[in-house]
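Reader: Could you walk me through this model, one question at a time? I have the sequence and the coordinates open beside me.

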Amino acid sequence: MDIHKFEVFLDLAKTLSYTETAERLFTTQGNISKQILALEKELDTKLFERSHRTIKLTEAGGITAIYAAKIMSEYDAMLRTLNQHAAESENTLTIHAIPSVSNYRGFELIAAFHHKYPEISLHLSEVDHGVITQSLDNGKADVVFGRDFGDINEKYETIVTDKDQFVCVVPKDHPLADATQVKISDLQDEEFLLLGRETTIYNRVMTMSRTAGFEPKVAYEGQRIDIILNMIANGMGVSIMMEKSVDMSANPDIIKRPINLNDVSQLAFMRKNTAQHSKASELFWEFVGQNK
């Protein structure tokens with residue numbers, strides 16, 4: 001159904017003049033006649049009685065006019081709602097980030113953008129790193145902030161804001177607390193307290209340990225860094241984490257020491273290469289690129 005036919009029909013039902021309707025709709029009488037005949041054929045009913053140079057609505061035409069007016073009203077309301085939605089979408093930015101985002105430069109950039117562009121509706125959510133790019137693939141986020149060990153797919157464009165490295169976190173009275181640098185092999189007899197296996201950190205710690213010749217004894221795995229740090233402070237084990245994710249100011253009873261690895265990660269904003277980006281997404285991407 002071409003909604004334009006109803007517009008023509010309703011106008012003709014009002015003017016009862018092909019000439020006047022053609023003028024009002026900036027077209028020809030022939031086109032008006034063509035549209036009405038097509039609508040009659042589509043509805044399988046006669047809408048107008050035609051006599052010499054005059055026309056009038058049939059009874060079926062009167063019924064049709066009532067419903068056509070309702071349809072056009074709903075159609076106009078739909079268009080207004082869609083236009084409003086499109087405008088709001090252009091000014092909405094959804095960012096998904098790893099839970100430790102507040103420890104990185106990326107968070108400062110998000111906050112600075114929010115202050116500079118308060119008209120942009122910003123939605124920031126935490127997601128596990130292991131599934132963060134899925135937020136881009138399924139359209140749930142415009143931009144994500146996550147960790148890259150050099151294995152990010154080329155279908156994502158990135159802006160790197162931070163670099164981070166692995167550290168060993170131990171109680172302050174642990175023998176390794178005074179070490180300048182810790183070897184992975186130094187930890188083979190320790191109980192590991194790790195971020196969960198859905199994270200890239202867990203998998204890399206397991207790989208590093210096995211490469212060093214031992215199977216790590218994992219006593220705990222969870223989602224919250226603060227709980228792991230409290231467990232370390234209470235002598236329940238040690239952990240391997242990314243350096244900037246460990247807040248020492250809130251944990252005076254723990255020590256972090258560098259590990260002899262060149263396994264450096266980058267923290268980056270990512271978005272899809274091929275996506276049609278909203279105004280808000282483009283504005284944010286430009287802002288981060290200029291201020292990283």
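Below is a short conversation about domains, cores, helices, salt bridges and backbone angles.

Reader: Happy to start with the basics: what kind of model is this, and which pLDDT do side-chain atom pairs need in order to count?

Author: This is a predicted model, in which totals for chains, interfaces and linings use all residues, local features need pLDDT of at least 70, and side-chain atom pairs count only at pLDDT 80 or more. Residues are numbered from 1 along each chain as its sequence is written, and side-chain values use heavy atoms, with hydrogens and water left out. For side-chain atom pairs, then, the value is pLDDT 80 or more.

Reader: How far apart do the C-alpha centres of domain 1 and domain 2 lie?

Author: The bounds come from an automatic or database domain assignment. That assignment gives domain 1 as 3–89 and domain 2 as 98–291. Between their C-alpha centres the distance is 61 Å.

Reader: How many residues does the largest nonpolar core have?

Author: A nonpolar core here is a set of buried Ala, Val, Leu, Ile, Met, Phe, Trp, Tyr and Cys residues joined through side-chain atoms within 4.5 Å. Buried means under 20% relative accessible area, exposed over 50%, and partly exposed in between, with a 1.4 Å probe and protein chains only. L93, F145, F166, L187, I240, F269 and F284 have the most contacts inside the largest core. The number of residues in that core is 49.

Reader: Which residues is I240 in contact with, leaving aside its neighbours within four places in sequence?

Author: Contact means heavy atoms within 4.5 Å. By that rule, I240 touches F166, V167, I184, L187, F192, L194, I201, V205, M208 and I259.

Reader: And what lies apart from that largest core?

Author: In soluble globular proteins, nonpolar side chains tend to be buried together. Apart from the largest core there is another one, of 16 residues, and among them are V8, I32, I55 and M72.

Reader: Why do the buried residues of α5 line one face of the helix?

Author: Helices (H or I, at least four residues) and strands (E, at least two) are DSSP runs, numbered from the N terminus. The buried residues of α5 are G106, L109, I110 and F113. They line one face because, seen down the axis, they fall within an arc (taken from the directions from the helix axis to the C-beta atoms) of 100°.

Reader: What covers those buried residues of α5?

Author: The α5 helix itself runs over residues 105–116. Its cover includes β3 (92–97), β4 (121–126), β5 (143–148), β6 (156–171), β11 (264–272) and α9 (279–291).

Reader: Turning to α3, which residues are exposed on the other side from its buried ones?

Author: In α3, I32, Q35, I36, L39 and E40 are buried. These cover an arc of only 135° around the axis, which puts them on the same side of α3. What covers them includes α1 (3–15), α2 (18–24) and β1 (48–51). On the other side, the exposed residues are G30, K34 and K41.

Reader: How many salt bridges does the count come to?

Author: A salt bridge is a side-chain nitrogen of Lys or Arg within 4 Å of a carboxyl oxygen of Asp or Glu. One of them joins R224 and D226, with the closest N and O atoms 2.7 Å apart, and another joins E49 and K46 at 3.6 Å, N to O. By this rule the count is 12.

Reader: Is R271, the salt-bridge partner of E282, buried or exposed?

Author: The closest N and O atoms of E282 and R271 are 3.3 Å apart. E282 lies in helix α9 and R271 in strand β11, so the pair ties together parts that are 11 residues apart in sequence. Salt bridges that share partners join E157, R271 and E282 into one network. E282 is partly exposed at 36% relative accessibility, whereas R271, at 4%, is buried.

Reader: Last one: where does D44, with its positive phi, lie?

Author: Most residues other than glycine have a negative phi, and most peptide bonds are trans. D44 is a residue other than glycine with a positive phi, near 55°, and at 71% relative accessibility D44 is exposed. F26 also has a positive phi, of about 55°, and lies in the loop between α2 and α3. As for D44, the place is the loop between α3 and β1.

How values were computed
Expected span 1.5 Å × (residues − 1).
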